[in-house]
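Visitor: Pick one part of this structure and walk me through it slowly, side chain by side chain. I'd like to see how its pieces fit with the rest of the chain.

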Amino acid sequence: MTCCSSAEIESDKLQGRALIHRGGEVTLGDWIDMWWPSYEISLKASARVSSFGLLGRYIRPMLCGHELDDISPLVVQRWVADLRAGRTHVKSPKALSRKTG
């Protein structure tokens, strides 16, 4: 007897509630692709646009290729330092404001 149906497992994945087996084989970009559709529906339109923009400007270009197991506190600290300094992979970099970071 199984504890969950495949539909329940898929639902948990989409809602970000499932444990990711072998997280080191899943990149942050792949995880965002699974997570975002269920998250965005919970947001108001303006928050959806803002959050999607943040993902596209600051997270995807710089971190989406990292495997989940490789995202350590040091990786996050370096990423934040790069954002604060305006070092990003976007055409028109804007430094992360002190209020945000």
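Guide: R87 forms a salt bridge with D82, and in this predicted model the closest N and O atoms of that pair are 2.9 Å apart. R87 is partly exposed, at 48% relative accessible area. D82 also counts as partly exposed, with a value of 25%, because buried would mean under 20%. The count of salt bridges comes to 2, and the other one takes us to the part I'd like to dwell on. There R60 pairs with D33, with the closest N and O atoms 2.6 Å apart. This pair links distant parts of the chain: R60 sits in helix α3 (residues 45-63) and D33 in helix α2, 27 residues apart. R60 is partly exposed at 26% relative accessible area, and D33 is partly exposed at 46%.

So let's settle on α2. Helix α2 covers residues 28-40, which is 13 residues. From first C-alpha to last, α2 reaches 17 Å, close to the 18 Å expected at 1.5 Å a residue. There is a bend in α2, though: about 30° at M34, with a proline, P37, following within four residues.

Which residues of α2 are buried? They are L28, G29, I32, W35 and W36. Take W36, which has a relative accessible area of 9% and is therefore buried. Leaving out residues up to four places away in sequence, W36 touches L43, R48, S51, F52 and L55. One of these, F52, lies 16 residues from W36 along the chain, and the C-alpha atoms of the two are 8.8 Å apart.

Now for the rings. The whole structure has 5 aromatic pairs. In one of them, W35 and Y39, the ring centres are 4.6 Å apart and the planes meet at 20°, so the pair is stacked. W35 and Y39 are 4 residues apart in α2, about one helical turn. As background, an α-helix has 3.6 residues a turn, so residues three or four places apart point the same way. Y39 is partly exposed, with a relative accessible area of 32%, whereas W35 is buried.

Y39 has another ring partner in W36: that pair is tilted, 5.9 Å centre to centre with 55° between the planes. It counts as tilted because an edge-to-face pair needs planes over 60 degrees apart. W36 and Y39 are 3 residues apart in α2, again about one turn of the helix. Zoom out a little and ring pairs link W31, W35, W36, Y39 and F52 into a cluster. Recall that F52 is also among the residues W36 touches.

Finally, the wider setting for α2. The protein chain has 4 helices and 0 strands, running α-α-α-α from the N terminus on. Of its 101 residues, 20% count as buried. Its accessible surface comes to about 7,400 Å², and carbon and sulfur atoms account for 57% of that. Among contacts between residues at least 6 apart in sequence, 51% join residues at least 24 apart. The R60 and D33 salt bridge, with its partners 27 residues apart, is a handy place to see α2 and α3 linked.

Key
Residues are numbered from 1 along each chain as its sequence is written. This is a predicted model: local features need pLDDT of at least 70, side-chain atom pairs count only at pLDDT 80 or more; totals for chains, interfaces and linings use all residues. Side-chain values use heavy atoms; hydrogens and water are left out. Helices (H or I, at least four residues) and strands (E, at least two) are DSSP runs, numbered from the N terminus. The expected span of a helix is 1.5 Å times one less than its number of residues. The bend at a residue is the angle between axes fitted to the seven residues ending there and the seven starting there. Buried means under 20% relative accessible area, exposed over 50%, partly exposed in between (1.4 Å probe, protein chains only). Contact means heavy atoms within 4.5 Å. Accessible areas come from the Shrake-Rupley method with a 1.4 Å probe; for residues, only the protein chains shown count as cover. A salt bridge is a side-chain nitrogen of Lys or Arg within 4 Å of a carboxyl oxygen of Asp or Glu. Rings of Phe, Tyr and Trp (its six-membered ring) pair if their centres lie within 6.5 Å; planes under 30 degrees apart count as stacked, over 60 as edge-to-face and the rest as tilted.
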